[in-house]
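Got your viewer open? Let's take a walk through this one together, one selection at a time.

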Amino acid sequence: MIRSYKKTDLEEMVRIWYETSVIAHFFIPTLFWASQKNTMKEKYLPLAENFIFEEEGQISGFISLVGEHVCALFIAPEMQGRGIGRALLEHAKTLKGKLSLKVYKKNKHAFYFYEKCEFVAAGEEIDEYTGCVQILMEWEQVR
């Protein structure tokens, strides 16, 4: 079930974000992700429009939007491969009709996932925080 975020979700969201980030972004030191936990909890997540995927009272993943930009899409490592990310992305597509996001170039698994979800690469840039190349991807509803 997809539902809107509640403040009581924040700790679990940060846990999922951190654990998934460390695994998916193996090319960035773990200390970087650890140093970002408070910023995620106190700044980024509370400022975004967040949607939670919940099963039997457990949060399996979430998507965070700022306008039409997907700032975060994270699925608990043990829940990946079950269609949760696709369901959250489809929910966001229905709400917005147009989406953009950035994915690290070295995170090939995520890049291919977004391609399968009809996103197209629209450019590249260097992430100012990590120095890693990010690919800007976009999706727009066909009318």
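The tour goes from the sheet to its hairpins and then to the cysteines.

**Before you click.** This is a predicted model, where local features need pLDDT of at least 70, side-chain atom pairs count only at pLDDT 80 or more, and totals for chains, interfaces and linings use all residues. Residues are numbered from 1 along each chain as its sequence is written, and side-chain values use heavy atoms, with hydrogens and water left out.

**Stop 1: the sheet.** Switch to cartoon view. Strands here are DSSP runs of E, at least two residues, numbered from the N terminus, and two of them pair if DSSP finds at least two bridges between them. Seven strands make an open sheet with mixed pairing, in the order β1-β2-β3-β4-β5-β7-β6. The edges belong to β1 (2-4) and β6 (120-126); each has a single partner strand, so one side of each lacks a neighbour in the sheet. On average, neighbouring strands are turned by 30 degrees against each other, direction ignored (axes are lines fitted to C-alpha atoms, and angles run from 0 to 180 degrees between N-to-C directions).

**Stop 2: one edge.** Select β6 and β7 (residues 133-140): they run antiparallel, joined by six bridges. Now pick Glu125, and you'll find Gln134 of β7 opposite.

**Stop 3: β3 and its neighbours.** Select residues 58-66, which is β3: seven of its nine residues are buried, meaning under 20% relative accessible area (exposed is over 50%, partly exposed in between; 1.4 Å probe, protein chains only). Add β2 (residues 49-55), which runs antiparallel to β3 with seven bridges. Glu55 has Gln58 in β3 as its bridge partner. Two residues lie between the strands of this hairpin, and Glu56 takes a positive phi near 50 degrees.

Next add β4 (residues 69-75), antiparallel to β3 and joined by six bridges. Look for Ile63 opposite Leu73 in β4. This hairpin also has two residues between its strands, and Gly67 in the turn shows a positive phi of about 65 degrees.

**Stop 4: the cysteines.** How many disulfides are there? Count a pair of cysteine sulfur atoms within 2.5 Å as a disulfide, and you get zero. Select Cys71 to see why: its closest cysteine sulfur, in Cys117, is 17 Å away, too far for a bond. Cys132 is in no disulfide either, as the nearest cysteine sulfur, that of Cys71, is 19 Å away. Is each of these two buried or partly exposed? Cys71 is partly exposed, at 45% relative accessible area, while Cys132 is buried, at 15%.

Definitions and conventions: Helices (H or I, at least four residues) and strands (E, at least two) are DSSP runs, numbered from the N terminus.
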